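Here is a quick tour written for someone who likes to see the cut-offs next to the claims. Have the viewer open and follow along.

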Amino acid sequence: MSAQDELDGPGQIDPYHHLHDEAYERRFAKGYVGWRDMVFMGGRAAESLDGEWRFAIDPYDEGLRQKWYADAPAPVEAWPVPRDYDTNAEVTAPVPSCWNVLRREWTYLEGAAWYTRFFTHRTGTDERIVLRVGAANYEARVFLNGIFVGAHRGGSTPFFIELTGHLVDGENRLQIQVDNRRRPDRVPMQHTDWFNYGGLYREVSLVRLPPVFIRDFGAALVPGSGGRRLRFDVTLSDPVDGTATIAVDGLIDALALPVSGGFGSIEVEASPALWSPDTPRLYAVTVRCGDDEIGDRVGFREISVDGRRILLNGEPIFLRGICVHEDDVALGKTTSEADLVRRFDHARALNCNFLRLAHYPHHERAAELADELGFLLWEEIPVYWTIAFEAADTFADADNQLREMVRRDRNRASVIIWGIGNENADTDPRHAFMSRLAATAREADGTRLVSAACLINRAHFRIEDRLAAHLDVIGLNEYFGWYEPSMEGLERLLANSDPDRPVIITETGADAVAGLRGPATTFFTEDCQEAVYRAQLTTLARAGYVQGVCPWILYDFRTERRQTVFQRGYNRKGLVAEDKTTRKRAFDVLAACWAERRRAENGGAGGQAPLATTNQGAS
Ligand code: GCU
């Protein structure tokens, strides 16, 4: 009985069977891939499968119910029974893309859709062929030549499915069903303040690998070594013994790393030039093991905390930040190099040294560019508001997303903080869930800080959260001057609070319609947003334990939660409108403030300069 017969069930002759099987998804309950299946991609060539794919929406999950994937392409004359899906290429979708921006009728599609693509493969080599999907929102089920080969859940991290055993010589049919439904058990759950795009929205490729290959590689400065020790680790695809050879351009010629049972790690004396925003020095690293070779460009730096201070390479650092979503009027959630470069250009113009990539892992190119350009990053997983904290499956999903994010970006010097959640009420189930996530982050990577964007403890009106004991840095979202009109509250909160570790303001700000002027007391005017920024930045400057401020947000972004005449389906808290060009007055307020702070850091007179002064305001 083949795997497929097992899925189909014995003696499948009832053409109406699928009408009565509401448990159809159980047939795909096995086969989820996750962080253990990831393949290290640095220095590897991959065969792109991007381009036009046959595309069909499937809001009723007909494809799974009726097994559209099982029907090999054939002319209608050869169909034994009528079909409801074929692989003709009349309707296509470009990959990568979000289906929501392709046709008006697909804008609000929340359901499933099918992508089909053919590629040619020559069998007869001992190569292993792995499919890499950069990201698919939210759940993806993959079929090759009619066979279910694996699934993945989590909308913002890459996944890898081995195709080797299922390939045929010649033309192969690859089909991916993507389901972006918002559900209470998912991460994020059904309620978010961003747009729920769907589809294969990051690159898709085939990776050709030797029989035993390097699945993971880590390179980092050993914390507490004063910048004089490096640690490398290698994980192979199989539990075999061997030796990996590591070279670090200009630092290490050929370091032998013994591998036993598929894993090896080693520490060596070495004193690299340390990476920092002002000196983003990267080293070319190559690793050979058996028939496999990978490479990476790695910056070595140490990030730590000391009491209420954040230290970069042992020196106190203040995080001059801005938050950003992955959203674009034309591209939706799909990213382009030009879009990322523009994002960092704007951060540079704001005199930032730090960006919070909210609320989910962004495209891996963002961290690579931040490494090159010299920006520090906060990366997070979408444990957002009220997810199903008591559901074991939801925890497994969140835990896997966290491990995938860490495994993908742990060699990025720019990434200094793993964020494990945003604005979650301090309940017992949440506490249990998120303290376990904090432990996961530390286990997966002991070289970075762990944090979460917490809320004010309303009972004590303090910066206080039970979870803080599991965090290195307390993130705090506060909107005094906007959701809480009086700025006096912020003064009281800061005076009331006595945190024992650094605090970063992970969100603050106000909405403004670009070009709308009026009294500073009128919501949605640029003047109101500007006034909120001035008051916030001045007030926060007085709290010594605030070691970073990351206003919400760089660009206006799409969210159907916002429906006033000012918002029209957009969150308008951007310092730049959604056209990613039109700056609002508050942009200059923040830019001037961060410039002043940077001047003070670079030896300006009299220690810490105030965060903002009136004469430095918007031109
Ligand atoms: C919250 C939330 C954001 C949201 C923002 C806002 O703090 O974390 O995702 O967009 O507030 O209300 O604008």
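What follows goes from the ligand site to strands, helices, loops and cysteines.

First, some ground rules. This is a predicted model, so local features need pLDDT of at least 70 and side-chain atom pairs count only at pLDDT 80 or more, while totals for chains, interfaces and linings use all residues. Residues are numbered from 1 along each chain as its sequence is written, and side-chain values use heavy atoms, with hydrogens and water left out.

**The ligand site**

Which residues are closest to the ligand? Asp193, Tyr384, Glu423, Tyr483 and Glu507 are, out of 14 residues that surround the ligand; a residue counts here if one of its heavy atoms lies within 4 Å. Sorted by class, that shell holds five nonpolar, four polar and five charged residues. The classes work like this: Ala, Val, Leu, Ile, Met, Phe, Trp, Tyr, Cys and Pro are nonpolar, Asp, Glu, Lys and Arg are charged, and the others, Gly among them, are polar.

The table lists polar contacts between side chains and oxygen atoms of the ligand. A polar contact is a pair of N or O atoms within 3.5 Å; within protein, one must be able to donate a hydrogen and the other to accept it, and residues adjacent in sequence count only if both atoms are side-chain atoms.

| Side chain | Distance to a ligand oxygen |
|---|---|
| Arg562 | 2.9 Å |
| Asn571 | 2.8 Å |
| Lys573 | 2.7 Å |

On its own the ligand has 320 Å² of accessible area, and the protein covers 96% of that. Those areas come from the Shrake-Rupley method with a 1.4 Å probe; for residues, only the protein chains shown count as cover.

**Strands and sheets**

Helices (H or I, at least four residues) and strands (E, at least two) are DSSP runs, numbered from the N terminus. Two strands pair if DSSP finds at least two bridges between them.

One open sheet has four strands in the order S1-S10-S5-S8, with antiparallel pairing. Strand S1 (47-48) and strand S8 (159-162) sit at the edges, each pairing on one side only. Inside that order, strand S5 (residues 128-133) and strand S10 (residues 204-209) share six bridges in the antiparallel sense, and Leu131 has Leu206 in S10 as its bridge partner.

There's also a hairpin to look at. Strand S6 (residues 139-144) runs antiparallel to S7, joined by six bridges, with Ala140 partnered by His152 in S7. Two residues separate S6 and S7, and Asn145 in the turn has a positive phi of about 50 degrees. Is strand S7 mostly covered or mostly open? Strand S7 (residues 147-153) is mostly covered, as six of its seven residues are buried. Buried means under 20% relative accessible area, exposed over 50% and partly exposed in between (1.4 Å probe, protein chains only).

Two more strand residues make a nice contrast. Ser451, in strand S25 (residues 449-454), is buried at 0% relative accessibility, and its side chain reaches the backbone nitrogen of Gly475 at 3.4 Å. Gly242 belongs to strand S13 (residues 242-248) and is partly exposed, at 29%. The C-alpha atoms of Gly242 and Trp106 are 51 Å apart, with their positions 136 residues apart along the chain.

**A helix and some backbone oddities**

In helix H4 (residues 364-373), the buried residues include Glu364, Ala366 and Asp371. Gly374 comes just after H4 and takes a positive phi of about 85 degrees.

Positive phi also shows up outside glycine. Asp61, at about 55 degrees, lies in the loop between strand S2 (51-57) and helix H2 (62-65) and is buried at 3%. Trp385 has a phi near 55 degrees; its loop runs between strand S23 (376-380) and helix H5 (392-409), and Trp385 is buried at 16%.

Then come the cis peptide bonds. One joins Val95 and Pro96, with omega about 0 degrees, and Pro96 is in the loop between strand S3 (92-95) and strand S4 (112-121). Another joins Val187 and Pro188, with omega about 5 degrees; Pro188 lies in the loop between strand S9 (170-179) and S10.

**Cysteines**

How many disulfides does a search of the whole structure find? Zero, where a disulfide is a pair of cysteine sulfur atoms within 2.5 Å. For Cys323, the nearest cysteine sulfur is that of Cys550, 3.9 Å away. Cys323 is buried, with a relative accessible area of 0%, and Cys98 is buried at 0% too.
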